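Please open the model in your viewer and keep the sequence panel beside it. This tour goes from one selection to the next and says what can be found at each stop.

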Amino acid sequence: MSESDGLRKHSKETMESLIAAARIMYEGTPGMTLAMVAEKVGIGKSTAGDYASAQKWKKKYKNGEVTKEALELADTYKSTVADLGPEVTPDQKSEVIKHIADDDAIAKRAELLARHRREWAAPRAMSAEAVQSRDLDPIKAFDRAKLAKITAETLSLVQNGERKAWGLDVGELPAGSVVIIERPVKNELRQVN
């Protein structure tokens with residue numbers, strides 16, 4: 001990277017946080033291209049492309065991807081039903097659909113949780129950079145810490161919304177909840193000798 005391109009050389013920690021932010025932008029923003037991400041974050045297009053390839057960045061859904069995914073699930077269903085033979089019952093077909101849907105939902109939830117874990121690298125790196133530079137440039141360190149805090153809060157809001165939308169928190173009790181279990185008590189007294 002050169003200064004003439006409007007880009008500057010970044011420290012390793014800064015570069016890691018910029019790459020993490022670029023990935024979040026690219027994967028989570030519909031219509032966002034690698035070139036747009038590179039410009040917004042301040043890294044080179046080829047750098048963004050290299051990291052996207054190496055880390056296998058993936059858009060949530062591209063145009064036509066939902067249709068492609070539906071066709072793949074339909075093919076899985078057809079082949080599974082065909083494997084059951086000609087005497088397959090409607091109940092067996094229903095079970096096949098249920099298992100395919102469950103497997104797909106599990107895979108998507110696992111992918112979502114993995115992405116959620118990866119996304120926390122950006123605010124963590126920004127925070128670490130702020131701590132490291134606090135003695136050299138306190139104002140820059142403070143600004144970096146503010147950015148880390150804002151990024152973490154925004155990430156938390158987005159991820160909480162996604163968790164609710166995907167039903168990942170179903171069954172979890174709100175903070176401060178108390179569970180009371182009532183059990184019948186036997187009215188037998190034992191004598192101790």
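A residue is called buried when its relative accessible area is under 20%, exposed when that value is over 50%, and partly exposed when it falls in between. Keep in mind throughout that this is a predicted model.

**The whole chain**

Begin by showing the chain as a cartoon, where you can follow 7 helices and 0 strands, so that the pattern read along the sequence is α-α-α-α-α-α-α. If you then colour by accessibility, 25% of the 193 residues count as buried. Contacts can also be sorted by how far apart the partners are in sequence: among those between residues at least 6 apart, 59% join residues at least 24 apart.

**Helix α2**

Now select residues 34–41, which make up helix α2, and show the side chains of V37, A38 and V41, which are buried. Why do they lie on the same side of α2? They cover an arc of only 100° around the axis, and this puts them on one and the same side of the helix. A general rule helps here: an α-helix has 3.6 residues a turn, so residues three or four places apart point the same way. Turn the view to the face of α2 that points away from the buried side, and you will find the exposed residues E39 and K40. Just after the helix comes G42, whose phi is positive, near 95°.

**The loop between α3 and α4**

Move on to K56, which is found in the loop between α3 and α4. This residue has a positive phi of about 55° although it is not a glycine. Is K56 buried or exposed? With a relative accessible area of 63%, K56 is exposed, because that value is over the 50% cut-off.

Next, add W57 and Y26 to the selection, both of which are buried. The structure holds 1 aromatic pair, and these two residues form it, in a tilted arrangement with 6.0 Å from centre to centre and 40° between the planes. The pair links distant parts of the chain, since Y26 sits in helix α1 (residues 12–28) and W57 in the loop between α3 (45–54) and α4 (65–84), 31 residues apart.

**Helix α5 and its neighbour α6**

Select D104, which lies in helix α5. Its relative accessible area is 21%, so D104 is partly exposed. Draw a distance from the C-alpha atom of D104 to that of L73, and you should read 8.5 Å, although the two residues are 31 residues apart along the chain.

Then show helix α5 (residues 90–119) together with helix α6 (residues 121–132), whose axes come within 5 Å and cross at roughly 10°. That angle makes α5 roughly parallel to α6. To see where the two helices meet, select R117, R118 and E119 of α5 and A121, A122 and P123 of α6, which make the contact. The residues of this contact divide into 3 nonpolar, no polar and 3 charged.

**Helix α7**

For the last stop, select R144 in helix α7 (residues 138–166). The relative accessibility of R144 is 16%, and therefore R144 counts as buried. Which residues does R144 touch, not counting those up to four places away in sequence? They are T14, S17, M126, E129 and A130. Keep P123 on screen as well, because you can compare it with the previous stop: P123 belongs to the contact of α5 with α6, and the C-alpha atoms of R144 and P123 are 9.5 Å apart in space, while the residues are 21 apart in sequence.

Finally, select A145, which also lies in helix α7. At 35% relative accessibility, A145 counts as partly exposed, whereas R144, at 16%, counts as buried. The C-alpha atoms of A145 and R124 are separated by 9.8 Å, with their positions 21 residues apart along the chain.

Terms used:
Residues numbered from 1 in each chain as written. Predicted model: local features only at pLDDT ≥ 70, side-chain atom pairs only at ≥ 80, totals over all residues. Heavy atoms only, no water. Helix = DSSP H or I, 4+ residues; strand = E, 2+ residues; numbered from the N terminus. Buried < 20%, exposed > 50% of the residue type's maximum accessible area, 1.4 Å probe, protein only. Contact = heavy atoms within 4.5 Å. Arc of directions from axis to C-beta. Axes fitted to C-alpha atoms, helices over the stretch in contact; angles between N-to-C directions. Parallel < 35°, antiparallel > 145°, perpendicular 65-115°, else oblique. Nonpolar A, V, L, I, M, F, W, Y, C, P; charged D, E, K, R; others polar. Phe/Tyr/Trp six-rings, centres within 6.5 Å; stacked < 30°, edge-to-face > 60°.
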